[in-house]
Amino acid sequence: MKTGFWIAFAAVFAVLVAAWFVVTQPGVMSIVSQPPPVDADRLKAHVRRLSVDLHPRVAGASGRLDAAAAYVADELRACGAVVSVQEFAVGAARHRNLVARFGPADGAPLVIGAHYDSHDGAHDGGEGGSTPGADDNASGVAGLLELARLLARDPPPRPVELVAYTLEEPPYFRSAVMGSAVHARSLQAAGREPRLMLALEMIGTFSGEPGSQRYPVAGMSALYGDRGDFIAVVGRLESFSLTREVKAVMAGATALQVQSINAPTALQGIDFSDHLSYWALGMPALMVTDTAFLRNRHYHEAGDSWEKLDYRRMAQVVQGVWAVTRAL
C-alpha cells in the first residue's frame, strides 16, 4: 500500500514538474547582447500623438483611423523605410495595413506587427465611448516605429517585415477582415511563410506593487509572482522551442524581467491579438505583451491614457525585440 502510494505520488509530481517546465520555460540561459539605445521620449511622443491627437482610432466617419494610418506611414518613411500599403475593402470602406521591409529581399521573413486601431465601446455593449488606447495599442505601434528607426540605421542580416495592422478590435476581431488575417493570407499566397511572427500587444504598463498582476487561473501567481514588473512572451504548446529562443534573446538584451508561457488557446488571453491570424494558417507566431487586461486596470476604458505608461521599460521591450531581429 505504502509503495503504491509513493509510486503514484512520484508519477503525479513528475507530471506537474513536466507541465511547469513546458508552460513557464524556467532556466532559460540569457543570450547577452548590446542593443542600441531607444529614446523613451520618442515613444511617449508617438503614444501621445496616437492616443490624444488622433483619438478615436476607429473606423467610420466619426473616427480618425485613416489619419492614424497616415501618421504611421509618414513616421515609417521618415526613418528611411520603403513602405507599401496593403489596402482591402470591408463593405464600401477601404482599410490599410502598412508594411515596411528591412534587410535582404529573399528568405523567410521575421514579421513584427502591432495594430493601430483602438477599441470602440459601441461594439460590445458599452456606452459608445472610444478608449484613447494608449497601452492598447498605441504602445505597440510606438515600439514598431522606434524599431523601424533602429533597423533603418543598421539593417538586419535577415528579412524583417514590420506591419502596422488595422481592424484588430471588435467587431473585426477573429474575423477574416482583421488586418493581420489579410496580411497572413498574402504571405501564404506568395509562398513566404515567416520564420516567426511577433505581435506587439500592449507593452507599456508595468508596476512593482504587490497584487498588480492578475492571472486567468488561480495559483498562477505562484509561478510568476503577483507584481506586474515583467514582459511576457506568449505562445502555444507547440511553440516551446521558439518561445525559449525569443525569451533567451530578450532577457539578455536588457535588465527587464522576461517571463514566458506556452499554453493551449483555451487559456484566456493566449490568443487575444494579431498572432492568432498566423496560427490559423499554421504559421509560427508569438505575442509580446504586458498581459493586457490582467495588468492594465483601464483596458478598453477611457482611463487607458498616455501618462500612465512606463516609457523607460517600454524602451527596454523594444531593445529586446531588436535583439530578436539579430539573433533569431
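**Notes on a predicted fold**

1. Pro-56 is found in the loop between α2 and α3. Start there, and keep in mind that this is a predicted model. The peptide bond that leads from His-55 into Pro-56 is cis, with omega near 0 degrees. Why point this out? Most residues other than glycine have a negative phi, and most peptide bonds are trans.

2. A second cis bond sits elsewhere in the chain. The peptide bond from Pro-170 to Pro-171 is cis, with omega near 10 degrees. Look for Pro-171 in the loop between β4 and α5.

3. Now take the two helices on either side of Pro-56. Two packed helices are described by the angle between their axes and the distance between the axes. For α2 (residues 40-53) and α3 (residues 65-78), the axes cross at roughly 155 degrees and come within 11 Å. Angles over 145 degrees count as roughly antiparallel. So α2 is roughly antiparallel to α3.

4. Which residues of α2 and α3 meet? From α2 come Arg-42, His-46, Arg-49 and Leu-50. From α3 come Ala-68, Tyr-71, Val-72 and Glu-75. By class, the contact of α2 with α3 has 4 nonpolar, 1 polar and 3 charged residues.

5. Helix α2 has another partner, α9 (residues 311-327). Here the axes are 8 Å apart and the packing angle is about 100 degrees. Therefore α2 and α9 are roughly perpendicular to each other. On the α2 side, the contact uses Ala-40, Leu-43, Lys-44 and Val-47. On the α9 side, Tyr-311, Arg-312, Met-314, Ala-315 and Val-318 take part. This contact of α2 with α9 divides into 7 nonpolar and 2 charged residues, with no polar ones.

6. Next, the sheet. Strands of a sheet pair through backbone hydrogen bonds, either parallel or antiparallel. This open sheet has 8 strands, and its pairing is mixed. Trace the order in the structure: β1-β2-β4-β3-β5-β8-β6-β7. Which are the edge strands? They are β1 (82-90) and β7, each paired on one side only. Neighbouring strands are turned against each other by 20 degrees on average, direction ignored.

7. Look at the β1 end. Strands β1 and β2 run antiparallel and are joined by 9 bridges. Val-82 stands opposite Arg-101 in β2. Their hairpin has 2 residues between the strands, and Gly-91 takes a positive phi near 65 degrees there.

8. Move one strand along. Strand β2 (residues 93-102) also pairs with β4 (residues 160-165), in the antiparallel sense, over 5 bridges. Val-99 has Val-163 in β4 as its bridge partner.

9. Two helices lie across this sheet. Helix α4 (residues 134-153) lies across β2, β3 (110-115), β4 and β5 (196-201). It runs at about 140 degrees to β3. Helix α5 (residues 179-190) lies across β1, β2, β3 and β4, running at about 145 degrees to β4. Follow each helix against its strands in turn.

10. One backbone angle deserves a check. Met-202 is not a glycine, yet its phi is positive, about 65 degrees. Where is Met-202 found? It is in the loop between β5 and α6 (221-224).

11. Finally, the largest pocket. How much space lies in the largest pocket? About 420 Å³. The lining has 31 residues, and the closest to the pocket centre are Gly-269, Met-287, Thr-291, Phe-293 and Leu-294. Three strands each give two or more residues to the lining: β6 (230-235), β7 (257-262) and β8 (285-289). By class, the lining of the largest pocket has 18 nonpolar, 8 polar and 5 charged residues.

Conventions: Residues are numbered from 1 along each chain as its sequence is written. This is a predicted model: local features need pLDDT of at least 70, side-chain atom pairs count only at pLDDT 80 or more; totals for chains, interfaces and linings use all residues. Side-chain values use heavy atoms; hydrogens and water are left out. On a 1 Å grid over the protein atoms alone, a cavity is a set of points where a 1.4 Å probe fits but cannot get out, and a pocket is an open set with protein on both sides within 12 Å along at least five of seven lines; lining residues have an atom within 4 Å of a point. Grid points are joined across faces, edges and corners, and a volume is the space filled by probe spheres set on the points. Helices (H or I, at least four residues) and strands (E, at least two) are DSSP runs, numbered from the N terminus. Ala, Val, Leu, Ile, Met, Phe, Trp, Tyr, Cys and Pro count as nonpolar, Asp, Glu, Lys and Arg as charged, and the others, Gly among them, as polar. Axes are lines fitted to C-alpha atoms, for helices over the stretch in contact, and angles run from 0 to 180 degrees between N-to-C directions. Angles under 35 degrees count as roughly parallel, over 145 as roughly antiparallel, 65 to 115 as roughly perpendicular and the rest as oblique. Contact means heavy atoms within 4.5 Å. Two strands pair if DSSP finds at least two bridges between them.
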